[in-house]
Amino acid sequence: MSLFDAHQVDAFDPLRLGQRSFAVKAVFIVAGTLALALASRISVPMVPVPITMQTFAVTMIGALYGWRLGAVTILAWLGEAMLGFPVLAGGAGGLAPFVGPTAGYLVSFPAIGVLTGWLAERGWSGDRVVSSFASHLAGNILCLAIGGGWLAVLIGAEKGWLFGVAPFILGAVLKSALAAAVLMGAKIYLGRAQLN
């Protein structure tokens with residue numbers, strides 16, 4: 001094995017999606033879009049952007065599915081939203097969320113899923129809790145940067161920071177810690193299940 005293949009040893013694939021058929025992967029995509037839609041329903045209303053569990057679900061999909069299948073799943077969910085399905089925060093759907101204050105955050109979701117999935121495939125997940133936390137936090141920070149940047153274009157830099165970034169920093173840290181803990185638990189549980 002070469003140094004370039006070293007990440008294969010540490011790959012985090014608790015669902016064993018790399019070994020599954022196309023049909024099974026399609027079922028996981030549908031299940032992932034449902035999970036993302038449910039996470040969108042868990043929200044704290046704020047103006048102009050609500051706090052939701054969307055970023056938690058997006059980074060988890062990336063980590064659990066890997067960057068490729070994770071990106072396809074997130075794009076499918078966003079496609080459902082564009083078609084008018086009520087899968088976004090507050091039951092929103094259609095094109096309006098993609099041009100309003102939430103557009104930057106929505107556009108960032110595939111990128112943060114890819115980032116966390118790519119890092120998970122290189123061992124930044126599972127029982128490496130600090131690396132896992134850092135991976136999810138990096139995804140959340142990327143989301144805030146893109147979302148806050150778009151909001152700054154709409155309402156100005158200071159208001160973009162005050163309303164689109166600052167209120168979400170603590171939530172990003174907490175969601176990242178929760179994601180790392182859940183993935184560590186999954187790694188431990190699945191490791192024990194394989195031994196029995």
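Trainee: Why is Thr-33 called buried?

Mentor: In this predicted model, Thr-33 has a relative accessible area of 4%. Buried means under 20%, so Thr-33, at 4%, is counted as buried.

Trainee: Where does Thr-33 lie, and which residues does Thr-33 touch beyond four places away in sequence?

Mentor: Thr-33 lies in helix H2. Leaving out residues up to four places away in sequence, Thr-33 touches Thr-73, Ala-76, Trp-77 and Glu-80. Of these, Thr-73 and Trp-77 are among the buried residues of H4.

Trainee: What makes the approach of the Thr-33 side chain to Val-30 a polar contact?

Mentor: A polar atom of the Thr-33 side chain lies 2.8 Å from the backbone oxygen of Val-30. The cut-off is 3.5 Å between N or O atoms, and the distance of 2.8 Å is within that cut-off.

Trainee: How do you know that helix H4 has close to its expected span?

Mentor: Helix H4 covers residues 67–82, which is 16 residues. From its first C-alpha to its last, H4 reaches 22 Å, and the span expected at 1.5 Å a residue is also 22 Å.

Trainee: Which residues of H4 are buried, and what covers them?

Mentor: The buried residues of H4 are Leu-69, Gly-70, Ala-71, Thr-73, Ile-74, Trp-77, Leu-78 and Ala-81. Their cover includes helix H2 (22–41), helix H3 (54–65) and helix H5 (103–121). One of the buried residues, Ile-74, touches Leu-36, Val-58, Ile-61, Phe-109, Pro-110 and Gly-113, not counting residues up to four places away in sequence.

Trainee: What follows H4, where Gly-84 stands?

Mentor: Just after H4, Gly-84 takes a positive phi of about 105°. A positive phi also occurs at Arg-16, a residue other than glycine, where the value is near 55°. Arg-16 lies in the loop between H1 and H2.

Trainee: Why does Arg-16 count as partly exposed?

Mentor: The relative accessibility of Arg-16 is 29%. Partly exposed is the class between under 20% and over 50%, so Arg-16 belongs to it. Val-24, in helix H2, is likewise partly exposed, with a relative accessible area of 28%.

Trainee: Which residues touch the most other members of the largest nonpolar core?

Mentor: This core has 38 residues, and those touching the most other members are Leu-36, Val-58, Ile-74, Trp-77, Leu-88, Tyr-105 and Phe-109. Two or more residues of the core come from each of H2, H3, H4, H5, helix H6 (129–155) and helix H8 (169–195). The largest share, eight residues, is given by H3.

Trainee: What makes the pair Arg-122 and Glu-121 a salt bridge?

Mentor: The closest N and O atoms of Arg-122 and Glu-121 are 3.8 Å apart. The limit for a salt bridge is 4 Å, so the pair, at 3.8 Å, qualifies. The structure holds one salt bridge.

Trainee: Are the two partners, Arg-122 and Glu-121, buried or partly exposed?

Mentor: Glu-121 has a relative accessible area of 19%. Because the cut-off for buried is under 20%, Glu-121 is called buried. Arg-122, at 25%, is partly exposed.

Trainee: How do you know that Ser-132 is buried?

Mentor: Ser-132, in helix H6, has 0% relative accessibility. That value is under 20%, so Ser-132 counts as buried. Apart from residues up to four places away in sequence, Ser-132 touches Trp-124, Ser-125, Gly-126, Ala-180 and Leu-183.

Trainee: Where is Trp-124, and why is Trp-124 called partly exposed?

Mentor: Trp-124 is in the loop between H5 and H6. Its relative accessible area is 34%, which is neither under 20% nor over 50%, so Trp-124 is partly exposed. Beyond neighbours within four places in sequence, Trp-124 is in contact with Leu-119, Ser-131, Ser-132, Ala-134 and Ser-135.

Trainee: Where in the protein chain is confidence lowest, and where is it highest?

Mentor: Confidence is lowest in helix H1 (residues 7–10), with a mean pLDDT of 46, and highest in H4, at 97. Over residues 1–9 the pLDDT is below 50, and this stretch has four contacts in the model beyond near neighbours in sequence. Where pLDDT is low, the predicted coordinates should not be read in detail. The protein chain averages a pLDDT of 89, and 90% of the residues score at least 70.

How values were computed. Residues are numbered from 1 along each chain as its sequence is written. This is a predicted model: local features need pLDDT of at least 70, side-chain atom pairs count only at pLDDT 80 or more; totals for chains, interfaces and linings use all residues. Side-chain values use heavy atoms; hydrogens and water are left out. A salt bridge is a side-chain nitrogen of Lys or Arg within 4 Å of a carboxyl oxygen of Asp or Glu. Buried means under 20% relative accessible area, exposed over 50%, partly exposed in between (1.4 Å probe, protein chains only). The expected span of a helix is 1.5 Å times one less than its number of residues. Contact means heavy atoms within 4.5 Å. pLDDT is the predictor's confidence in each residue, from 0 to 100. A polar contact is a pair of N or O atoms within 3.5 Å; within protein, one must be able to donate a hydrogen and the other to accept it, and residues adjacent in sequence count only if both atoms are side-chain atoms. A nonpolar core is a set of buried Ala, Val, Leu, Ile, Met, Phe, Trp, Tyr and Cys residues joined through side-chain atoms within 4.5 Å.
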